[in-house]
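User: Hi, I'd like to learn how the terms people use for protein structures get decided. Could you take me through some?

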Amino acid sequence: MEQKLIKDFEIPSKKIETWKFTDLKKVFEKNNFKPYKKSIAEKNPATSKINSSIANNTFFDTKINYVIFEDGYLQKLKKKSNGLEIIDLNENSKKTLFNKNNFIRNDSLLDINNTFLNGNLIIRVKKDIKLKEPISIFYFNSEESKYLINNRINIILEENAEAEINEVFISSGQISYWNNVHNFIQLKKSSKLNHYKIQMESKYALHSSSSNVSCNNSSNYNSFIYSFGGIMSRIEIIGSINSSDINFNIKGLYLAKVNQHHDITTLMQHKHSNSNSNQHIKGILQKKSSGVFQGKVIVSQNAQKTDAFQFNQNLLLSENAKINTKPELEIYADDVKCSHGATTGELDEEMLFYLRSRGLKEEEARKLLIEGFINELFEDIENKKLKKKLLHTSIKSIYLK
Amino acid sequence: MLKIINLHVNVANKKILQGVNLEINPGEVHALMGPNGSGKSTLANVLSGKDGYEIKKGKIIFFKKNLINFEPENRACEGLFLAFQYPVEIPGVSGINFLRTTLNSVRKYKKQKELDGVNFLKLLRKKAKIIKMDEKLIKRSINTGFSGGEKKRSEILQMILLEPKLAILDETDSGLDIDALKTVANGVNNLKNKDRSFLVITHYQRLLNYIVPDKVHILSNGKIVKSGDKNLAIELEKKGYEGLV
């Protein structure tokens, strides 16, 4: 079989409807990323950078269960909790534990991931096991020669299992690379997953990732997306509700600075009755940054008694910042409760005045309101330690007028 | 304490206040009444320093300083407080955090020592008791999901915490049932002393049964057209504005 090259793939661009606002091809062509290979990794053995960079990372708070990828290849795997299985499938195994038909894409990102796959993992939590310690996955990039890195994680929660998974994307410095990471998640009956994705890539990086989540009855998926780094970032959640009594929650925050472009795109497919989905995505945009929220909820004909909500709120802290928001509902059932909405604006003048009339300086008042905007979204994050860190990291990074 | 001299204010090129004169001395309670659209809330907002009001003429002297050039926060720190007619909801900002920040901000301005968490909570509990405000409510986001009455109570709590020299109550009684009204009045009366003054804006004489004014003014078409003692409010209740103005 002839080996495929990156030029054989159509890189997502504005030509594709779902990429109308995010021209990945433009950034790709500017950088001409090359697929990273094992042979290169072997020539450049793991540096000491990895340990200090990760140990110093504020989100590295577990020593119980964690995985570290360096430039796509598995460097460390530690697993102490009982009932947890982490299996390293090497790059030669293209194995996925999902039904591909659930997650049909109209772009090439998954094919690219599959063709140039670096690291591939299975994480399985056994039946009735409720993990007390989170599982952290660090994607650490240190190569400076503009590589494309592909990882895949397969997550299975067996019946009645519970877990928290934190994915953290970081780099050794301000280097340029393309991280293309896709997850396939299967939640079996009555299982619960809290899934945090903390995207703190280098400011020159290109990030594209997706979580493809398939839910069985009475399962509960709580996703929290924190999009923070990269020159361009596209994070997708594709949810498939295959049964009843499922709770599917997505919370997301994109915090774009300077000239960053952050995109959160979701697709909720309600295929069965009596389940609900909730999406609340917020954006804070500064300087010349831009943000995108695209959310589509499809309620099929037999998905009666579905509750589906979708709300996108954006805070523009600069006149030059830009936002494209497109919440969509496609409903084919008649007995459902669905709503969607979006707001975009500056800090509310009435609120600002209220705080100032109580003696707060304008800058203090602005700070409090921005904090409030973020905090409202974070309010029901179950991992309080993580919540505090996320809030702190957000506030620190925000330019205050 | 407060001296408003010949104040003319436009909103979007429309003349709203057309020569208001008012003097409030320390320890006095003044009631400001008047028909809808007479300019009562405009006066309150202008005093507190809100944007969107064009001051064409006149002076606002507060303890010998002309307030017109003061930022809203500095007016607050100088001792002016406005209890809003419609307090805004601020989701995500915890009430307690806000109250502490605001109190310390005012204390800092006055060169007083800032309160630490423990001492602040002690003080807050004491004050909340006066107006029977549930502590759970204070812990929530500012005014978020509060009923009309709870919002007004929250305004009064801020007032008794900040201990202003002059408090302006903009229709604080509207939407309150009689028990809530008494509690709010209790908060005001608790704060009354020989140095502190109040400007109570209201439509109804009812509130003035509980907060007894030294002077009552009637504002009509942007001017104070009549002033008197508390009996003026009673007379007004009987005759209506048309009979008096």
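Analyst: Here come a few questions about one helix and the nonpolar cores. This is a predicted model, where local features need pLDDT of at least 70, side-chain atom pairs count only at pLDDT 80 or more, and totals for chains, interfaces and linings use all residues. Residues are numbered from 1 along each chain as its sequence is written, while chains are lettered from A and ligands numbered from 1 in the order in which they are written.

User: How do you know that the span of helix H7 of chain A agrees with what it should be?

Analyst: Helices are DSSP runs (H or I, at least four residues), numbered from the N terminus. The expected span is 1.5 Å times one less than the number of residues. H7(A) has 14 residues, 384-397, so it should span 20 Å, and its end C-alpha atoms are 20 Å apart.

User: Which residues of H7(A) are buried, and which exposed ones sit on the face turned away?

Analyst: Buried means 20 or more other C-beta atoms, placed from the backbone, within 10 Å of a residue's own; exposed means 12 or fewer, and partly exposed is in between. A:Leu386, A:Leu390 and A:Ser394 are the buried ones. The face turned away from them carries the exposed A:Lys384, A:Lys385, A:Lys388, A:His392 and A:Lys396.

User: What makes a nonpolar core?

Analyst: It's a set of buried Ala, Val, Leu, Ile, Met, Phe, Trp, Tyr and Cys residues joined through C-beta atoms within 7 Å. The largest one here has 153 residues, and A:Phe138 and B:Phe81 are among those touching the most other members. Its largest share, eight residues, comes from H6(A).

Note on methods. Helix = DSSP H or I, 4+ residues; strand = E, 2+ residues; numbered from the N terminus.
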